Amino acid sequence: MKKKWAGMLMGMCAVVLSFSLAGCGKDDVVTENTIVEGDSVIITTVPVSFNLQAEGASRTLGGVNFNEFDVYAYIFQSEKSRSSRWVPWGDEWSFYELNLYQKVESQKFTVDLVEKGSFLSFQYKYQYKIVFLTAPKGSSVFPTTLEKEIAYDEALTNPFKWNVDETQTDNAIYRDVVEILSNDKDNFDDIAFEGNITDIPVELYHKDGVLRVTVAQDLLPANIRSKAVKAELTIDNVPEQMYLKGSSSPDDDEVYCKGTQSLTKTLGINFSSGDVKLEIHSLPQYPISEATTTGGISCTVCLLDKAGNELASNSFDSDANVYIYPNTISNVRLTKTGFEFGIDLEDDVWDGPNAANNLN
């Protein structure tokens with residue numbers, strides 16, 4: 001019975017949220033401190049506003065260039081409930097699930113969030129995690145549809161297409177996560193969102209990094225070198241999810257990404273002018289603590305002729321301790337004697353794919 005009423009209330013909450021997000025007429029939108037009543041349903045919503053800033057080429061924050069970049073807000077809702085005002089609230093918040101997502105069209109973004117609600121004797125209170133994602137227009141990162149509700153800890157696993165195929169040269173992601181918490185009061189009338197909910201800063205920092213493998217000319221004999229026209233670069237043990245909070249520092253406390261995936265990119269190559277550089281950009285992958293260490297990435301480089309025949313192949317595994325850091329190039333060199341590691345990170349050189357320069 002409780003589940004049935006919870007589902008009905010959540011459905012009404014979703015309707016209220018969708019009205020406010022879709023920009024309905026004034027008479028349709030639930031505004032601050034408005035209470036909707038009908039069939040013993042009471043829902044209180046509150047407008048929450050955000051101020052978006054994005055990292056530019058100089059790594060300073062400024063306004064988002066909406067002509068060059070798309071921005072989406074993914075709103076994940078969690079609840080506590082009780083069967084009547086005389087019983088205790090549940091000890092834990094339920095899992096955050098995707099409630100709605102919305103394209104953001106301007107630097108100032110406001111959404112009406114359901115703060116609390118009741119149906120007959122059942123009472124509910126809510127809090128949120130809002131994931132803001134920015135990527136260049138035309139990027140394949142964003143899903144075209146989200147057919148079912150997804151949990152926050154799965155948010156960027158399957159529905160978000162972090163691919164690196166050659167047709168998508170710029171899937172750079174800029175991200176921030178904002179939490180809207182409940183003050184968690186016991187008395188239903190005292191429940192409210194905690195802290196400032198006006199002009200909340202959203203700081204969209206660049207999050208992907210690059211693995212660069214420089215393949216030396218001498219990997220192939222001189223008589224074979226001209227036949228190499230393609231290279232396949234594959235990296236494994238890369239998180240399926242992005243880090244959902246924290247900054248680019250390995251020392252910061254972040255939510256570790258669950259699961260791993262393999263990324264492969266095919267590139268055209270030509271050794272006639274010297275060594276060849278192969279690059280693949282991906283999610284960050286580095287040890288945050290001993291508890292979250294899964295080893296570095298593994299990598300395979302395969303050189304092919306025009307017909308797809310393999311001319312050379314070499315690889316290293318996770319024991320090599322090669323990691324990918326946000327906003328950073330990690331360098332590895334491949335010669336006829338094998339891979340060379342320990343090359344300094346060019347963290348003051350690379351600021352993401354070229355479109356990143358157009359953020360501000």
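This is a short chat about the strands, cores and cysteines of a predicted model.

Student: Let's start with the nonpolar side chains; which residues touch the most other members in the largest nonpolar core?

Tutor: That core has 33 residues, and those touching the most other members are F50, L52, L113, Y128, I130, F132 and I180.

Student: Which strands each supply at least two residues of it?

Tutor: Strands β2 (41–55), β4 (69–82), β6 (108–119), β7 (122–136), β8 (174–180) and β9 (200–206) each do so, and β2 gives the most, with 7 residues.

Student: Take F132, then; what is it in contact with, leaving aside its neighbours within four places in sequence?

Tutor: With those neighbours set aside, F132 is in contact with F50, L52, Y72, A73, V104, F109, Y174, R175, D176, V178, V202 and L204.

Student: And what does the second core include?

Tutor: The second core is separate and has 28 residues, among them I235, V238, C299 and V332.

Student: C299 caught my eye; is that cysteine buried or exposed?

Tutor: C299 counts as buried because its relative accessibility is 1%, and C302, with a relative accessible area of 11%, is buried as well, the cut-off being under 20%.

Student: How many disulfides turn up in the whole structure?

Tutor: A search of the whole structure finds 0 disulfides.

Student: Back to strands: how many residues of β14 are buried?

Tutor: In β14, which spans residues 298–304, 6 of the 7 residues are buried, so this strand is largely enclosed by the rest of the structure.

Student: What does β14 pair with, and in which sense?

Tutor: β14 pairs with β15 (residues 310–316) in the antiparallel sense, over 6 bridges, and within that pairing A312 of β15 is the bridge partner of L303. The two strands form a hairpin with 5 residues between them, and in its turn G308 has a positive phi of about 90°.

Student: Switching topic, in what order do the strands of the open sheet run?

Tutor: The order is β13-β10-β16-β17, giving an open sheet of 4 strands with mixed pairing. Its edge strands, each pairing on one side only, are β13 (276–282) and β17 (338–340), and neighbouring strands of the sheet are turned by 25° against each other on average, direction ignored.

Student: How many bridges join β10 to β16 there, and do those strands run parallel or antiparallel?

Tutor: Strand β10 (residues 209–215) and strand β16 (residues 329–335) run parallel and are joined by 6 bridges; for T214, the bridge partner in β16 is R333.

Conventions:
Residues numbered from 1 in each chain as written. Predicted model: local features only at pLDDT ≥ 70, side-chain atom pairs only at ≥ 80, totals over all residues. Heavy atoms only, no water. Pairing = 2+ DSSP bridges. Axes fitted to C-alpha atoms, helices over the stretch in contact; angles between N-to-C directions. Disulfide = S-S within 2.5 Å. Buried < 20%, exposed > 50% of the residue type's maximum accessible area, 1.4 Å probe, protein only. Core = buried A, V, L, I, M, F, W, Y, C linked by side-chain atoms within 4.5 Å. Contact = heavy atoms within 4.5 Å.
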